[in-house]
Amino acid sequence: MRTLFYFCAMINKEKPIGLFDSGVGGTTIWKEIVELLPYENTLFLADNKNAPYGGKTKEEIIFLCEKNTEFLLEKEVKIIVVACNTGTTNAISHLRTKYKEIPFIGIEPAIKPAGLQSVTKKVGVLATKGTLSSELFMKTSNNLIKNEGIQIVERVGEGLVSLIESGKIESPEMFELLKEYLLPMVEENIDYLVLGCTHYPYLLPQIQKIIPENIKVIDSGYAVAKQTKNVLSQNNLLNDFQNKPHHIWLSNGDLSILQQFAPDIDNLKLQKI
């Protein structure tokens, strides 16, 4: 009986971590998780066909997040990481209520740690419209404004995700858009810039050419990886079998775009669905 219990526990632990995003942005979260949890198997779903989520209604976002969740559940993942700020801020509560059989990890802009560390008391947030208009984001930002006296300088990064998904990260068009969005924040005397979309860390080299060195840029990647590890440990699902893991990236859109963001490792497979 104990042998059977051990065997079942081993199988559950070796099930993959499931992640989904509207597109390639979730790969930034995937990389943080793989670095922190090197023995975990993973399955990442890029919903490129419906990207970006940022301009969609809350109802549309919830519908897409449900579809992604049910796809990953069919693949028997052991935990689901909503590797999308817009998906988390609009749908995470709904997902946790509807799918109680599996733990969810969400991601939202790291405005709280930025606000608590800010000297100028002014924090810039570059995010999608869907994230900035969500109830979860507004609740967090209002608490910082009320309790800490923080001024949140928001900017919708319209067009950025589409350019990233089109492989135009280093294009002149991207650089001009970033200047348009970031320079007014600099003039507002922010000392922290929060990247409120999982796609945006790929823009860091361009961002650092535009903003002064004294402005710290932060995202939520490492915090999400750490929380994923904590929840797996609490549920006795942490994979402690030191075998070489396998990783799968799935896309329902142009697989060549996803390929551009894939690390050159032999245990990662890319598939179109």
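**Entry 1, backbone.** I began with glutamate 76, which sits in the loop between H3 and strand S3 (79–82). The model I am reading is a predicted one, and in it glutamate 76 has a positive phi of about 60° although it is not a glycine.

I then looked up asparagine 189, and found that it too is no glycine but has a positive phi, here about 70°. Asparagine 189 belongs to the loop between helix H9 (172–187) and strand S7 (192–196). Its relative accessibility is 44%, and I therefore entered asparagine 189 as partly exposed, the class that lies between under 20% for buried and over 50% for exposed.

My last backbone check was the peptide bond from alanine 51 to proline 52, which is cis, with omega near -5°. I placed proline 52 in the loop that runs between strand S2 (42–46) and helix H3 (58–74).

**Entry 2, helix H7.** Does the length of H7 agree or disagree with its residue count? Helix H7 takes in residues 135–148, and at 1.5 Å a residue its 14 residues should span 20 Å; I noted that the end C-alpha atoms are 19 Å apart, which agrees.

Next I asked which residues of H7 are buried. I listed Phe137, Thr140, Ser141 and Leu144 as the buried ones. They cover an arc of only 90° around the axis, and so I put them on the same side of H7. On the other side of H7, I recorded Glu135, Lys139, Lys146 and Asn147 as exposed.

**Entry 3, the largest pocket.** I noted a volume of about 320 Å³ for the largest pocket. Its lining is made by 15 residues, and those that lie nearest its centre are Glu108, Pro109, Ala110, Pro113 and Ser220. By class, I entered the lining of this pocket as 8 nonpolar, 4 polar and 3 charged residues. Among the helices, H5 (111–117) and H11 (221–234) each supply at least two residues of that lining.

Where does the largest pocket lie with respect to the domains? Residues of domain 1 (17–107 + 222–272) and of domain 2 (110–220) both appear in its lining, so I placed the largest pocket between the two domains.

**Entry 4, cavities.** How many cavities of 30 Å³ or more does a search of the whole structure find? I wrote down 2.

The largest cavity has a volume of about 70 Å³, and of the 13 residues that line it, Ser22, Thr86, Thr128, Cys197 and His199 lie nearest its centre. I divided its lining into 5 nonpolar, 7 polar and 1 charged. Domain 1 and domain 2 both give residues to the lining of the largest cavity, so I recorded that it lies between them.

For the second largest cavity I noted a volume of about 30 Å³. Its lining residues include Thr28, Asn85, Ile107, Cys197, Asp219 and Gly221, and the whole lining divides into 5 nonpolar, 5 polar and 1 charged. Because domain 1 and domain 2 both contribute to the lining of the second largest cavity, I placed it between them.

**Entry 5, leucine 258.** Is leucine 258 buried or exposed? I found leucine 258 in helix H12 (residues 255–259). With a relative accessible area of 0%, leucine 258 is buried, because buried means under 20% relative accessible area. I also looked up its separation from valine 186, which is 72 residues apart from leucine 258 along the chain, and noted 32 Å between their C-alpha atoms.

Definitions and conventions
Residues are numbered from 1 along each chain as its sequence is written. This is a predicted model: local features need pLDDT of at least 70, side-chain atom pairs count only at pLDDT 80 or more; totals for chains, interfaces and linings use all residues. Side-chain values use heavy atoms; hydrogens and water are left out. On a 1 Å grid over the protein atoms alone, a cavity is a set of points where a 1.4 Å probe fits but cannot get out, and a pocket is an open set with protein on both sides within 12 Å along at least five of seven lines; lining residues have an atom within 4 Å of a point. Grid points are joined across faces, edges and corners, and a volume is the space filled by probe spheres set on the points. Helices (H or I, at least four residues) and strands (E, at least two) are DSSP runs, numbered from the N terminus. Ala, Val, Leu, Ile, Met, Phe, Trp, Tyr, Cys and Pro count as nonpolar, Asp, Glu, Lys and Arg as charged, and the others, Gly among them, as polar. Domain bounds come from an automatic or database domain assignment. The expected span of a helix is 1.5 Å times one less than its number of residues. Buried means under 20% relative accessible area, exposed over 50%, partly exposed in between (1.4 Å probe, protein chains only). The arc is that of the directions from the helix axis to the C-beta atoms.
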